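Hi everyone, thanks for coming. Let me put today's structure on the screen, and then we can walk through it together.

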2 protein chains.
Amino acid sequence: MSVDDAEALPERTRRRRAPKPHAAGVKAVAAAAGVSLGTVSNVLNRPEVVSPLTRAKVEAAMASLGFVRNESARQLRAGSSRILAYVMLDAGNPFFTDVAKGVEEAAQAAGLSVFLCTSSEDADREAAYLDLLEQQRVQGILITPIDQNSSRLRKLPSRGTPVVVVDRALDDASHCSVAVNDVLGGELAISHLLELGHERIAYVGGPNTIGQVIDRRDGARRALRTAGKPTTNLIELTTGALTVAEGRGAGQRLAGLPADRRPTAAFCANDLLALGLLQQCVSLGLRVPEDLAIVGYDDIEFAEAAAVPLTSVRQPRQLLGRTAAELLLDESSNPDHEHQRVTFTPELVVRTSTRGTL
Amino acid sequence: MSVDDAEALPERTRRRRAPKPHAAGVKAVAAAAGVSLGTVSNVLNRPEVVSPLTRAKVEAAMASLGFVRNESARQLRAGSSRILAYVMLDAGNPFFTDVAKGVEEAAQAAGLSVFLCTSSEDADREAAYLDLLEQQRVQGILITPIDQNSSRLRKLPSRGTPVVVVDRALDDASHCSVAVNDVLGGELAISHLLELGHERIAYVGGPNTIGQVIDRRDGARRALRTAGKPTTNLIELTTGALTVAEGRGAGQRLAGLPADRRPTAAFCANDLLALGLLQQCVSLGLRVPEDLAIVGYDDIEFAEAAAVPLTSVRQPRQLLGRTAAELLLDESSNPDHEHQRVTFTPELVVRTSTRGTL
DNA sequence: GCACTCTCTTGAAACCTTTCATCCAAAACT
DNA sequence: AGTTTTGGATGAAAGGTTTCAAGAGAGTGC
């Protein structure tokens, strides 16, 4: 991004605006329909208990007055919210929007709505959103956290806001988590590269505070150990974020190395990095996979459509989101809910970027 | 999407959960700190008017009780919300997440938070979110609407919720809008293809209820007329949505045509369609651009990294979002706000998918 | 006709905060 | 010393909804 926005000069046209309105509440509706406050409330919340005739009168009054229920007041009195929130790491990463889709599916099935928030890998933003959501008394929070040990995160459930951690297996007794085994994923990727005969392999990822980055690297190391190779064969290229732009930067660094010291393969902590790396390397004249084999992670939709279709580690994205939402719903409705740690298994999808054309 | 989720069997581990908590309000804080309700409220909202000593006492009490302000009650009494919402067409389209990034930037600068909602091109979902947000009394709504003539949308501002329409130039006196000239964009795309000598051109897009789809097609037709060609040279392939999967479907249909009737170029209503089309055509053996030139729309980040780098019509995405948010903020704070219609100009970015290798 | 159900409707209390006019004590004047 | 000013703290009222115990009518059975 950020290539964007060459500050184009827009055309503007102006208009005067309409005067400020004033809202009608249940009281006004009750008066207009000639019934009591309680009846209006019943129409809103338990329509079956009010007679068809009165209900019709009340509904007509609502329509003609343009009544809009004040959710703050409702929630204050009733104590419950009909909203879930999902705090994502990065809305620009299709992996998370796919997870979000799963969340929405499950929420919709339960009659709830979902608000999406994005921390953009910034701890302060994440903290600000968590505070806000807690103050809003949302029914629950789904989050892919930046810092899984944040005290804010741990305190939330004890104060009454259920939390489910998504895409991170967190061994904390205070909430559920749903994850994919990232260590195994890293192992799958590297084993595949080792089988293809690669010896010097780069690991592209960062910052090293993000759990996914760490686990995938650990898996990579484990694969090396299992194969009896020294883990120094894994050359780490640390990036500042998990974005296409950072991937390009890593490609620049990689391509700059002399051919005899350059790794013959790269395993990237996610597909955005891999796509950036791929693009940069190709444009600098490296052939993929001949000069450099590349493995990504997440198997986002664009991985298959890349310049060289990308080998990647697939995760069940929507299922992840759906499961997380279901756990959250269970936690907030089922009195003897037990916290769970659900772990899915990733799967390697081999494409041209490692295997070449067959 | 939806290729996802082969219903992997996860492992689950269970744990007993902690007992239910109970919240502390201002009253409890006041008691604990030995001050009055009003003082606690002052610490929260106007810390400068309370003496450092009492403030410290109150803050200590808050911390030890784990006080969390009840935003519903605050909002009910104070009447104002600190939240904006952006209702997107499709969170899976990087174009919209880039717009969202611009919105967040502007909101953050003004000390507000943004909730993202996604209608997924479903009119009912859009309606449900609009109702919800209105009931929440959010400070304002940014929306890329499915149906720009929705009565719900038009009524919103008259009831007190400011609305700014994003990526659609809407000539309605009730709200601001920020858009990019889609007709011009379509024209740019087709003129480019005409210059390259193409005669039979496909237009891939749909459903035809979406404004962007219509405008870009109209621009395409206009370019043909300007060049003195019949608009029947534009062969319409209507899709059910603006997604990669639908693009693949269109590719299937296109590649199935006999070579002498098949268009030599395709203009897609967005990049997701174009990427799907590209991928499918290539895998069916068509060469791009020799057998089929392709032009996309939006110039998302993945367009450049595609199998064949995609020619596309670029829009100032973040700027679009930022401008929209600024208009919304002006509307809700400036008493003599005037509604505006801001129109940016798109730009054609030529890449290999039309021009071939030079 | 009387007692009793049953179906709807009612109105006051409660939810938690913010606001604002008032009050207090100490400091600053005359 | 007496009066005004000032910096802080106070507490009752208000905001729009839901809840719930209680009431009102109409219908039923004897």
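Here is one to start with: which residue has a polar side-chain atom 3.0 Å from a base nitrogen of DNA strand D? Take a moment to look. It's Arg77(B). Before we go further, please keep in mind that this is a predicted model.

Let's stay with DNA strand D. It is surrounded by 25 residues, and the closest ones are Val26(A), Ser36(B), Thr39(B), Thr54(B) and Arg77(B). Of the strand D atoms that come within 4 Å of the protein, 67% belong to sugar and phosphate. You can find such phosphate contacts on screen. Ser36(B) uses a backbone N or O atom, which lies 2.8 Å from a phosphate oxygen of DNA strand D. Arg46(A) uses its side chain instead: a polar atom there lies 3.2 Å from a phosphate oxygen of DNA strand D.

Which elements supply this surface? At least two residues each come from H2 and H4 of chain A, and from H2 and H4 of chain B. The largest share is that of H2(A), with four residues. Sorted by class, the surface near DNA strand D has nine nonpolar, eleven polar and five charged residues.

Now please turn to DNA strand C. There are 24 residues around this strand, and those that come nearest are Ser36(A), Thr39(A), Thr54(A), Arg77(A) and Val26(B). Sugar and phosphate make up 70% of the strand C atoms within 4 Å of the protein.

Three side chains are good to point at here. Ser51(A) places a polar side-chain atom 3.1 Å from a phosphate oxygen of DNA strand C. From chain B, Asn45(B) has a side-chain N or O atom 3.2 Å from a phosphate oxygen of DNA strand C, and for Arg46(B) the distance from a side-chain N or O atom to a phosphate oxygen is 3.2 Å. The elements giving two or more residues to the surface near DNA strand C are helix H2 (37-45) and helix H4 (71-78) of chain A, along with helix H2 (37-45) and helix H4 (71-78) of chain B. H2(B) gives the most, with four residues. By class, this surface near DNA strand C holds eight nonpolar, eleven polar and five charged residues.

Next, let's see how helices pack. Two packed helices are described by the angle between their axes and the distance between the axes. How do H4(A) and H4(B) pack? Their axes are 8 Å apart, at an angle of about 135°, and therefore H4(A) is oblique to H4(B). Their crossing is left-handed. H4(A) brings Ser72(A), Ala73(A), Gln75(A) and Leu76(A) to the contact, while H4(B) brings Ser72(B), Ala73(B), Gln75(B) and Leu76(B). That gives four nonpolar residues, four polar and no charged ones.

Our last stop is inside chain A. The axes of helix H1 (residues 26-33) and helix H3 (residues 52-65) of chain A come within 9 Å and cross at roughly 120°, which means H1(A) is oblique to H3(A). The crossing of H1(A) and H3(A) is right-handed. From H1(A), the contact uses Ala28(A), Val29(A), Ala32(A) and Ala33(A); from H3(A), it uses Lys57(A), Val58(A), Ala61(A), Met62(A) and Leu65(A). In this contact, eight residues are nonpolar, none is polar and one is charged.

That's my tour. Thanks for listening!

Conventions. Residues are numbered from 1 along each chain as its sequence is written. Chains are lettered from A and ligands numbered from 1 in the order in which they are written. This is a predicted model: local features need pLDDT of at least 70, side-chain atom pairs count only at pLDDT 80 or more; totals for chains, interfaces and linings use all residues. Side-chain values use heavy atoms; hydrogens and water are left out. A residue is near a molecule or strand if one of its heavy atoms lies within 4 Å of it. A polar contact is a pair of N or O atoms within 3.5 Å; within protein, one must be able to donate a hydrogen and the other to accept it, and residues adjacent in sequence count only if both atoms are side-chain atoms. Ala, Val, Leu, Ile, Met, Phe, Trp, Tyr, Cys and Pro count as nonpolar, Asp, Glu, Lys and Arg as charged, and the others, Gly among them, as polar. Axes are lines fitted to C-alpha atoms, for helices over the stretch in contact, and angles run from 0 to 180 degrees between N-to-C directions. Angles under 35 degrees count as roughly parallel, over 145 as roughly antiparallel, 65 to 115 as roughly perpendicular and the rest as oblique. A crossing is left-handed if the near helix is turned anticlockwise from the far one by less than a right angle, and right-handed if clockwise. Contact means heavy atoms within 4.5 Å.
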